[in-house]
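Thank you for asking for a note on this structure. Please have the sequence and the 3D view open while reading, as the points refer to both.

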Amino acid sequence: MPTLDQIRACFAGDRFATETTGCEIVSAEPGRAVCSMAVRPGLLNANFVPMGGAIFTLADFAFAVAANGHSTRVTVTQQVSVTFLSASRGKVLTAEAACIRAGHRTCLYTVDVTDDLGAQVAHLTINGYTVDPKPVEKA
């Protein structure tokens, strides 16, 4: 079973999430993950709250870590339903992903996004599609 540091190293390759938006992995276990993102000026919309796309990126990243962090297979996002619940005024967003059901080829996860002020920012359901095996890194 990979360590948290090994999972972080693996997902450092997801450069949009980790470098562009600043997503970080807080914890990861099979079927669950918690990720966070500091709210920076470049992530704000014209109303000075985090852009929906930034919130979605954090949630999708948490799903990816939960579904793939401890797996030898690859699960990708197939379909998403997102409900934005309130504007965030906090400085840090946190996404918690949890597996509801994992089948042979498809899975269902929920992801809840909150901020450091306690606001429930978004709720997502994500259907994933699983393929075999993980791609081999090319030299």
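The numbered points below go through salt bridges, a pocket, a surface patch and some individual residues.

1. Before anything else, please bear in mind that this is a predicted model. The residue numbers used throughout start from 1 along the chain as its sequence is written.

2. The structure holds three salt bridges, and they are a convenient place to begin. In one of them, the side chains of arginine 8 and aspartate 5 come together with an N to O distance of 3.5 Å. These two residues are three apart in helix H1, which covers residues 4–11, and so about one helical turn separates them. Arginine 8 is partly exposed, with a relative accessibility of 35%, while aspartate 5 is exposed at 56% relative accessible area.

3. Another salt bridge is the one between arginine 15 and glutamate 19, whose closest N and O atoms lie 3.1 Å apart. Both residues belong to helix H2 (residues 15–20), and because they are four residues apart there, about one helical turn lies between them. Arginine 15 counts as exposed, since its relative accessibility is 53% and exposed means over 50%.

4. The salt bridge between glutamate 96 and arginine 32 has an N to O distance of 2.6 Å. This pair links distant parts of the chain, for glutamate 96 sits in strand S4 (residues 92–102) and arginine 32 in strand S2 (residues 32–38), with their positions 64 residues apart in the numbering. Glutamate 96 is partly exposed at 37% relative accessible area, and arginine 32 is partly exposed as well, at 35%.

5. Which residues lie nearest the centre of the second largest pocket? They are Ala67, Ser71, Thr75, Ala102 and Tyr109, and they belong to a lining of 14 residues. The elements giving two or more residues to this lining are helix H3 (52–68) and strand S5 (106–115). By class, the lining of the second largest pocket is made up of six nonpolar, seven polar and one charged residues, and the volume of this pocket is about 230 Å³.

6. On the surface, a nonpolar patch is formed by Val76, Tyr129 and Val131, which together have about 210 Å² of accessible area. Tyrosine 129, one of the patch residues, is found in strand S6, which runs over residues 120–131. Why can tyrosine 129 be counted in a patch? Its relative accessible area is 33%, which makes it partly exposed, and a patch residue needs over 30% relative accessible area.

7. Phenylalanine 48 deserves a careful look, as its phi is positive, at about 65°, although it is not a glycine. Most residues other than glycine have a negative phi. Phenylalanine 48 is placed in the loop between S2 and H3, where it counts as exposed with a relative accessibility of 65%.

8. Two residues of helix H3 can be viewed together, namely alanine 54 and phenylalanine 61. Alanine 54 is buried, its relative accessibility being 8%, and phenylalanine 61 is also buried, at 2%; the reason for both labels is that buried means under 20% relative accessible area. The C-alpha atom of alanine 54 is 8.9 Å from that of alanine 17, although the two are 37 residues apart in sequence. For phenylalanine 61 and alanine 97, which are 36 residues apart along the chain, the C-alpha atoms are separated by 9.2 Å.

9. Two further C-alpha distances can be checked in the view. Glutamine 6, which lies in helix H1, is partly exposed at 46% relative accessibility, and its C-alpha atom is 9.0 Å from that of glycine 69, with the two residues 63 apart along the chain. Valine 34, which is found in strand S2, is buried with a relative accessible area of 17%; it is 12 residues from alanine 46 in sequence and 28 Å from it in space, C-alpha to C-alpha.

Definitions and conventions: This is a predicted model: local features need pLDDT of at least 70, side-chain atom pairs count only at pLDDT 80 or more; totals for chains, interfaces and linings use all residues. Side-chain values use heavy atoms; hydrogens and water are left out. Patches are made of residues with over 30% relative accessible area and no salt bridge: like charges are joined within 9 Å, nonpolar side chains (Val, Leu, Ile, Met, Phe, Trp, Tyr) within 5 Å. Accessible areas come from the Shrake-Rupley method with a 1.4 Å probe; for residues, only the protein chains shown count as cover. A salt bridge is a side-chain nitrogen of Lys or Arg within 4 Å of a carboxyl oxygen of Asp or Glu. Buried means under 20% relative accessible area, exposed over 50%, partly exposed in between (1.4 Å probe, protein chains only). On a 1 Å grid over the protein atoms alone, a cavity is a set of points where a 1.4 Å probe fits but cannot get out, and a pocket is an open set with protein on both sides within 12 Å along at least five of seven lines; lining residues have an atom within 4 Å of a point. Grid points are joined across faces, edges and corners, and a volume is the space filled by probe spheres set on the points. Ala, Val, Leu, Ile, Met, Phe, Trp, Tyr, Cys and Pro count as nonpolar, Asp, Glu, Lys and Arg as charged, and the others, Gly among them, as polar.
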